[in-house]
Structure formats: structure tokens, C-alpha cells
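Work through the exercises below with the sequence and the model at hand. Each task is followed by a solution in steps.

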Amino acid sequence: PPAMSRRVVRQSKFRHVFGQPVKADQMYEDIRVSKVTCDSSFCAVNPKFLAIIVESGGGGAFIVLPLAKTGRVDKNHPLVTGHTAPVLDIDWCPHNDNVIASASEDTTVMVWQIPDYVPVRNITEPVVTLEGHSKRVSIISWHPTARNVLLSAGCDNLVILWNVGTGEMLLALDDMHTDLIYNVGWNRNGSLLVTTCKDKKVRVIDPRKQQIIAEKTKPHDGTRPIRAIFVADGKIFTTGFSRMSERQLGLWDLNNFEEPIALQEMDTSNGVLLPFYDADSSIVYLCGKGDSSIRYFEITDEAPYVHYLNTYSSKEPQRGMGFMPKRGLDVSKCEIARFFKLHERKCEPIVMTVPRKSDLFQDDLYPDTPGPEPALEADEWLSGKDAEPILISLRDGYVPIKNRELKVVKKNILDSKPPPGPRRSHSTCDSDFSQPALEEVLEEIRALKETVQAQEKRISDLENKLGQFTNGTD
């Protein structure tokens, strides 16, 4: 009969994706992962560094390790320790691999420049501190395409957008959320936000117009936290709980928010599912805090739209999870995702691979992907411009760029007032202090900075050598 000729198995190159933990010597051991109860992922990675929120007496701290520094972490390894209360979220800047932002219970957001060498002492001075929240800040997220635009969301139900390059607040989205904000996500070009909230609503917000353009009440009936992210074509993917406390996933179309495109039950477990999405393969990975597995699904235009692929299972529950951007993966091994799973005292990378026989570059697995160059400046974005991410090819692998300094130029409030009287010339100070003299001073400061950095590196090298001689004995 003709029914027999129907394809039983869906064709997809991702049907056989499998996950594998790295070998024991490729893990990061002896890290005191934070025990704060917060649904953040506690971990952020990029092609250069791994950052993890750690236990810290009194204040708040996170550790930054060069990606290659696997094995046991020295107990005296420097931390980033500027916050006066626990750190709740960290996020690497997508346009500068040496810049990371942290959000804390102390109500501030701090932005840090991380040197390429391992510093000798703790990093205590942020490049800029952003103050505007009145309660703890539990969410931060960089804009995907505009330089230096950072979003923060706090327990004051407020979402703030900052220009990190000037240290000023660009926009404050207040009166939109009536309760605690669970998560915030950007769409691909950063023109829209999706948020989930304790008031059981998912909202899609145009941040520059400061208006809610779509919202859905109770996409999942249960009372536990909901998460939402944008996936391809502006659709929205959610995780939540049914009335019977079963974990669910949902796929929604903005233009018809009433009915889900897909709604699937998974299991009964009370861990919130953190979704990680890879736009290049249309795969969404679900990692529950406290689960010991990662489930993954492919999202397509064919029913049932969200297709279960497989589950990576292990014995140990995860405390948090980092997700490597595409440009940090090993294309020669057909790696399509890499997770950094936090245990109580270690971090274990898990590699997701598509099995292929050939050693050649598999261009169907690696379409051009967002690179480290921003497509817009902060003020262009604020004025209403949008731009898609600037893409790069991974054909020859990605080589991280040398440290680029984040310069913060605080605007002088006096600049915005017109000068008194009819004189509009700005040359008043030239007579006292000529341009060449200023250049000279700046040059001298630059030279001093380089000397200090070289000395820091030398001290660090000597300490390492000394450590080898004394072999761990004090």
C-alpha cells in the first residue's frame, strides 16, 4: 500500500549528535562553585576564558581561567573581587573576549578588563561600575550587535540598558513588569527583547520605543519559573511547568501568540530548564539545574516543529552550565556545541559532535557565524538603526584577537550646557596647555602602563618558577 512508502525516519544531519565529556585531565578541578540559590547559569565562556562564580567570604567573586589552563586550579589563583555582596550573573562581551560584566546582590553591575596573562593579585578595580538599580541585580546580557550596550535586570522589576563606553544609562524600562523578572533574552539583531516574569507573563518588548509589542499570559499553567528565548524567524521558545508540575517546552509565533505552535510535556522534575540555542543548527539544548542530563531538540518548519534528538546523560547533577559561542569550537572534530558543566568542586567540558567520516571542513555544519566585530555603535542603535551580526567563516578555525582595551569616556555634565556669553569658541584652554604637551604626557602614561604590565608578568613568571622549585611547600 502507498502508506508504506512514507518516510518513517525524519531526515536530519543532526539526528546522531552525541555528547561526550572530556578526559579527566581536561577538566578544571578544585573550584569552589558558588552556592547562591539563583537560577543563573553561574558560568560564562568564550574562545579565550572560562569564568565561574565562586564562593567568597563577605563579598562576591568570580574566577577567570585561560581556557587552556585545565587540571587543578591553584588555591591562590587570583579572583575578580570588586563586589561587596554575592555575584549573581556574569556575561562575556560578544565583541571583546577580554571584557566581562558581572551583576551582584550589592545592586551594582561592574564591567572588567581581563588581561591575557594571569595577574598576580586579585582584580579589584572594574573599568566601570553601573549604578541604577535599587535591589539586587540578577540578570545581565550584552547586546548582540551594538558595541558596549549592556542590559541589566534587577529584583526592583526594572530593566536598564547601559552604554558601557560612557558609563551612562541609555534606557530604563520601568512599569512593564509587576513582579520579579525571571529572564531576559535578545533577538538575533538586538531590536527586541523577550522577558519572563513571576506574574506568569511572557512579554516581547521594543526597548527603544519602550513598549510591549506582544504578551502571553500563562504560556505554561504551572506556578514555577518560566524561561523564554528567541529562536529563528522571530519565534519564541519557552520552558515551564504544567498544572500537574510536569516540565514543558513550547514554541510560539509572535503574530499569533494565543495558540502554541508546539507544546510538549517532558517529565516531572522541579529543576528550571535553562535553554541554550544554536541558531546555526536550529538546535535548542535544555539543561535543568540539579539535573544530570542535557536534552536537545531541533526546531524546524515541519510538524511537530520541535523534534527530540537525544539526551546526554551522566551520573552527577549540574550546578550550572556555560555555553561556548560557535567561534570557540573545534571545527576539525565536527564539534557543534560545547558545554561547561559545573559540579560542586569542578567544571567539566562536554562536547557535542556530529559523527562524520571525512576529515575535511564540513561546510553544511558550519554556516558563517557571528564574529567579534560589532555591527553598530551604541548611539546608532539608540537612534533606531538595526543591523544583523557581522558573520565570519570558520573554515580555517577561529583565532582569538589580542587584548583590546575597553575605553570608558565619562561624559562631562558641563559639556551639555552652552558656554555663558556670546563666545562659543572652545579654545580657551589652548594657551595654557598645548596639544603637543598633552600628547607627551599621554605617551609617558602609556609607557609607564606597559612597564607596569611587563613587571606584573615578570613577577608572575618568577612566582611560577619559584612554585616549581619549592614544589608546593610554603
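**Exercise 1.** Find the residues with the most contacts inside the largest nonpolar core, and the strand that gives the most to this core.

Solution. Step 1: the largest nonpolar core has 36 residues. A nonpolar core is a set of buried Ala, Val, Leu, Ile, Met, Phe, Trp, Tyr and Cys residues joined through side-chain atoms within 4.5 Å; buried means under 20% relative accessible area, exposed over 50%, and partly exposed in between (1.4 Å probe, protein chains only). Step 2: the residues with the most contacts inside this core are Ile 31, Leu 50, Ile 52, Phe 62, Ile 114 and Phe 340. Step 3: among the elements that give two or more residues are β3 (43-45), β4 (49-54) and β29 (335-342). Helices (H or I, at least four residues) and strands (E, at least two) are DSSP runs, numbered from the N terminus. Step 4: β4 gives the most, with six residues.

The model is predicted: local features need pLDDT of at least 70 and side-chain atom pairs count only at pLDDT 80 or more, while totals for chains, interfaces and linings use all residues. Residues are numbered from 1 along each chain as its sequence is written, and side-chain values use heavy atoms, with hydrogens and water left out.

**Exercise 2.** List residues that Ile 114 touches, not counting residues up to four places away in sequence.

Solution. Step 1: contact means heavy atoms within 4.5 Å. Step 2: the residues touched by Ile 114 include Phe 49, Val 64, Trp 92 and Asn 403. Step 3: apart from the core of Exercise 1 lies another, of 25 residues, including Val 17 and Phe 361.

**Exercise 3.** Which residue meets Arg 10 in a salt bridge, and are the two buried or exposed?

Solution. Step 1: a salt bridge is a side-chain nitrogen of Lys or Arg within 4 Å of a carboxyl oxygen of Asp or Glu. Step 2: the partner of Arg 10 is Glu 298, at 3.1 Å from N to O. Step 3: Glu 298 lies in strand β26 (residues 293-299) and Arg 10 in the segment before β1 (18-21), 288 residues apart. Step 4: both residues are buried. The structure holds 28 salt bridges.

**Exercise 4.** Give the strand order of the open sheet that contains β10, and name its edge strands.

Solution. Step 1: two strands pair if DSSP finds at least two bridges between them. Step 2: the order is β8-β9-β10-β11, with antiparallel pairing. Step 3: β8 and β11 (128-131) are the edges, as each pairs on one side only. Step 4: β10 and β11 pair over four bridges, and Val 109 has Leu 130 in β11 as its bridge partner.
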